[in-house]
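Subject: Structure for you to look over

Dear colleague,

I am passing on the structure we spoke about, with the sequence alongside. Please open it first and keep it in view while you read the notes below.

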Amino acid sequence: DATASINEVDEAMQPKTVRSVIQTLVDLVASNVVTTDVQALINKRTGEITFIDLTESTVMSKPPSFLDLAQASSFCSEIFSMIPENLLPLAYTTLQDELESGLHVFPDESLLNVLKSQIGS
């Protein structure tokens, strides 16, 4: 059984879903890709998430233009709007951990700054 809302996921699995959402956000931005109209299918029982319909995805220019950075910021906002308020602290911590992990190489420092600006916003 699938849903588009983290609130409808088994409560014990919601943290897993939030971490997965944030990790996917970082992976996409580090890959120089953003999208609009984010759509997700989340397994209510396991919390596993699949992003669907990425037809609005954009590969940003290198270095990213002003418009690219605005789209990246909008993408981040859209992702964070999916997360229930009570789970935002976990989302911010997960984002901080992902950025400090050294696992991601960003094509431009400005994209890293867009992600950093989301922490606690």
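Asn-32 is a good place to begin, as this residue is buried, with a relative accessible area of 3%. Please bear in mind throughout that this is a predicted model. Asn-32 sits in the loop that connects H1 with strand E2 (33–34), and its side chain comes to 2.6 Å from the backbone oxygen of Met-60. If neighbours within four places in sequence are set aside, Asn-32 is in contact with a run of residues, Thr-58, Val-59, Met-60, Ser-61 and Lys-62, and also with Pro-107 and Leu-111. Leu-111, for its part, is one of the buried residues of H4.

The sheet comes next. It is an open sheet of 3 strands in the order E1-E3-E4, and the pairing is antiparallel; E1 (2–3) and E4 are the edge strands, each of them pairing on one side only. Strands of a sheet pair through backbone hydrogen bonds, in either a parallel or an antiparallel manner. Between E1 and E3 there are 2 bridges, and in E3 the bridge partner of Thr-3 is Ile-42. On the other side, E3 (residues 39–43) is joined to E4 by 4 bridges, with Leu-41 standing opposite Thr-50. E3 and E4 form a hairpin with 5 residues between them, and in the turn Gly-47 has a positive phi of about 80°.

Which side chains of the edge strand E4 are buried, and which are not? Along E4 (residues 49–52) the side chains alternate, so to speak, with Ile-49 and Phe-51 pointing to one face, where they are buried, and Thr-50 and Ile-52 pointing to the other, where they are not. In a regular strand, side chains alternate in this way between the two faces of the sheet. E3 likewise has a covered face, made of Ala-40 and Ile-42, and an uncovered one with Gln-39, Leu-41 and Asn-43.

Thr-3, which belongs to strand E1, is buried, with a relative accessible area of 7%. Its side chain makes a polar contact with the side chain of Glu-8 at 2.8 Å. Not counting residues up to four places away in sequence, Thr-3 touches Glu-8, Val-9, Ala-40, Leu-41, Ile-42 and Lys-44.

Turning to the interior, the largest nonpolar core has 34 residues, and those touching the most other members are Ile-22, Leu-25, Ile-79, Phe-80, Ile-83, Phe-106 and Leu-115. Helix H1 (14–30), E3, E4, H2, H3 and helix H4 (109–116) each supply at least two residues of this core, and H1 gives the most, with 7 residues. In soluble globular proteins, nonpolar side chains tend to be buried together. Ile-79 shows how these parts meet: leaving aside its neighbours within four places in sequence, Ile-79 is in contact with Val-21, Ile-22, Leu-25, Val-38 and Phe-51.

How many aromatic pairs does a search of the whole structure find? The search finds 1 aromatic pair, formed by Phe-80 and Tyr-92, which are stacked at 5.5 Å centre to centre with 25° between the planes. Phe-80 lies in helix H2 (residues 66–81) and Tyr-92 in helix H3 (residues 88–100), so the pair ties together parts that are 12 residues apart in sequence. Both Phe-80 and Tyr-92 are buried.

Helix H3 also holds Leu-95, which is buried, with a relative accessible area of 0%. Apart from its neighbours within four places in sequence, Leu-95 is in contact with Ile-22, Val-26, Phe-80, Leu-115, Gln-118 and Ile-119. Leu-67, by contrast, is 28 residues from Leu-95 in sequence and 23 Å from it in space, C-alpha to C-alpha.

Finally, in H4 the buried residues are Ser-110, Leu-111, Leu-112, Val-114 and Leu-115, and the buried residues of this helix pack against H1, H2 and H3.

With best wishes

How values were computed. Residues numbered from 1 in each chain as written. Predicted model: local features only at pLDDT ≥ 70, side-chain atom pairs only at ≥ 80, totals over all residues. Heavy atoms only, no water. Buried < 20%, exposed > 50% of the residue type's maximum accessible area, 1.4 Å probe, protein only. Pairing = 2+ DSSP bridges. Phe/Tyr/Trp six-rings, centres within 6.5 Å; stacked < 30°, edge-to-face > 60°. Contact = heavy atoms within 4.5 Å. Core = buried A, V, L, I, M, F, W, Y, C linked by side-chain atoms within 4.5 Å. Polar contact = N/O pair within 3.5 Å; in protein donor to acceptor, adjacent residues only side chain to side chain.
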